[in-house]
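Dear colleague,

Here is the structure I promised to pass on to you, with its sequence alongside. Please open it first, and then read my notes below with the model in view.

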Amino acid sequence: MDLEKLEKKIDLTFKNKTLARNAFVHRSYLNEHPDFELSSNERLEFLGDAVLELATSEKLFRKYPNKPEGNLTNIRAALVCTVSLAEESKRLGLGNYLFLSKGEDDSGGREREYILANTFEAFLGAIYLDQGYKTCQNFLEKNLFYKVDEIVKNRKYKDAKSTLQEIAQEEQGITPTYKVLEEWGPDHAKNFRMGVFLNDKQIGGGEGNSKQEGEQAAAQDALERWQ
């Protein structure tokens, strides 16, 4: 695994290359390679998620001194949702470095939103352990926080499900409904693909680590298609 290209892209050189590699080990790979020297990236994902929440909260707290807590929470949710983090993973090419099982790889795992979003968090966790909090902030400024102005300007932080319901009822007199299209993963780390429907017609879909998160992603997808 050659990290040099990625390190150049993000202008960061890892002291501990093994730690960086660990951020890309998906649990499916270990099912086929039980003797692999590294564990899955789930612990790094857990840490990266906490770093991401703190850094994003601090960024928004300082940037918008007059916005109430509710608005800040919604902006943060829009910024760090599965779709948003997956977009950054794709832009950085993180999927190219993943250790995946053959089945996961063949089924498009390198492009799967929830895997890419989780990898972004795991990679951030690795940066934190290797370089510290300040470097994480700098990384996020370049690779996530640039979206904040657009989110606020276009009011993308408004709850997607509520917005979709308002538009659907106003324009078609129909209330959207949500259905589970697919679910996978162990009980402690379930993933859901949700669909949003008007009557029997699917108008959007999205993935998340909970049904609620998947519904929000599906509603956001439907809104983007509607517009």
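Nine aromatic pairs are present in this structure, which is a predicted model. One of them joins F14 and F123, whose ring centres are 5.6 Å apart and whose planes are at 50 degrees, so that the pair counts as tilted, a class that lies between stacked (under 30 degrees) and edge-to-face (over 60). F14 belongs to the loop between α1 (4–10) and α2 (17–22), whereas F123 belongs to helix α8 (residues 113–131), and the pair therefore ties together parts that are 109 residues apart in sequence. Both F14 and F123 are buried.

A second pair to look at is that of F120 and F139, which is also tilted, with 5.7 Å between the ring centres and 35 degrees between the planes. Because F120 lies in helix α8 and F139 in helix α9 (residues 133–143), this pair ties together parts that are 19 residues apart in sequence. F120 is buried, with a relative accessible area of 0%, and F139 is buried as well, at 4%. If you then follow the ring pairs onward, you will find that they link F14, F24, Y97, F120, F123 and F139 into a cluster.

Helix α9 deserves a careful look of its own. Which of its residues are buried? They are C136, Q137, F139, L140 and N143, and because they cover an arc of only 165 degrees around the axis, they lie on the same side of α9. These buried residues pack against α1, α4 (42–63), α6 (82–92) and α8, while the face turned away from the buried side carries K134 and K142, which are exposed.

Further along there is an open sheet of three strands, in the order β1-β2-β3 and with antiparallel pairing. Its edges are β1 (177–184) and β3 (201–208), and since each has a single partner strand, one side of each is left without a neighbour in the sheet. From one strand to the next, the twist averages 25 degrees. The antiparallel pairing of β1 with strand β2 (residues 191–198) runs over seven bridges, and V180 stands opposite M194 in β2.

Finally, two lysines lie over aromatic faces: K179 over that of F197, at 4.8 Å from the ring centre, and K67 over that of Y64, at 5.5 Å from the ring centre.

With best wishes

Notes
Residues are numbered from 1 along each chain as its sequence is written. This is a predicted model: local features need pLDDT of at least 70, side-chain atom pairs count only at pLDDT 80 or more; totals for chains, interfaces and linings use all residues. Side-chain values use heavy atoms; hydrogens and water are left out. Rings of Phe, Tyr and Trp (its six-membered ring) pair if their centres lie within 6.5 Å; planes under 30 degrees apart count as stacked, over 60 as edge-to-face and the rest as tilted. Helices (H or I, at least four residues) and strands (E, at least two) are DSSP runs, numbered from the N terminus. Buried means under 20% relative accessible area, exposed over 50%, partly exposed in between (1.4 Å probe, protein chains only). A charge sits over a ring if NZ of Lys or CZ of Arg is within 6 Å of the ring centre and within 35 degrees of the ring normal. The arc is that of the directions from the helix axis to the C-beta atoms. Contact means heavy atoms within 4.5 Å. Two strands pair if DSSP finds at least two bridges between them. Axes are lines fitted to C-alpha atoms, for helices over the stretch in contact, and angles run from 0 to 180 degrees between N-to-C directions.
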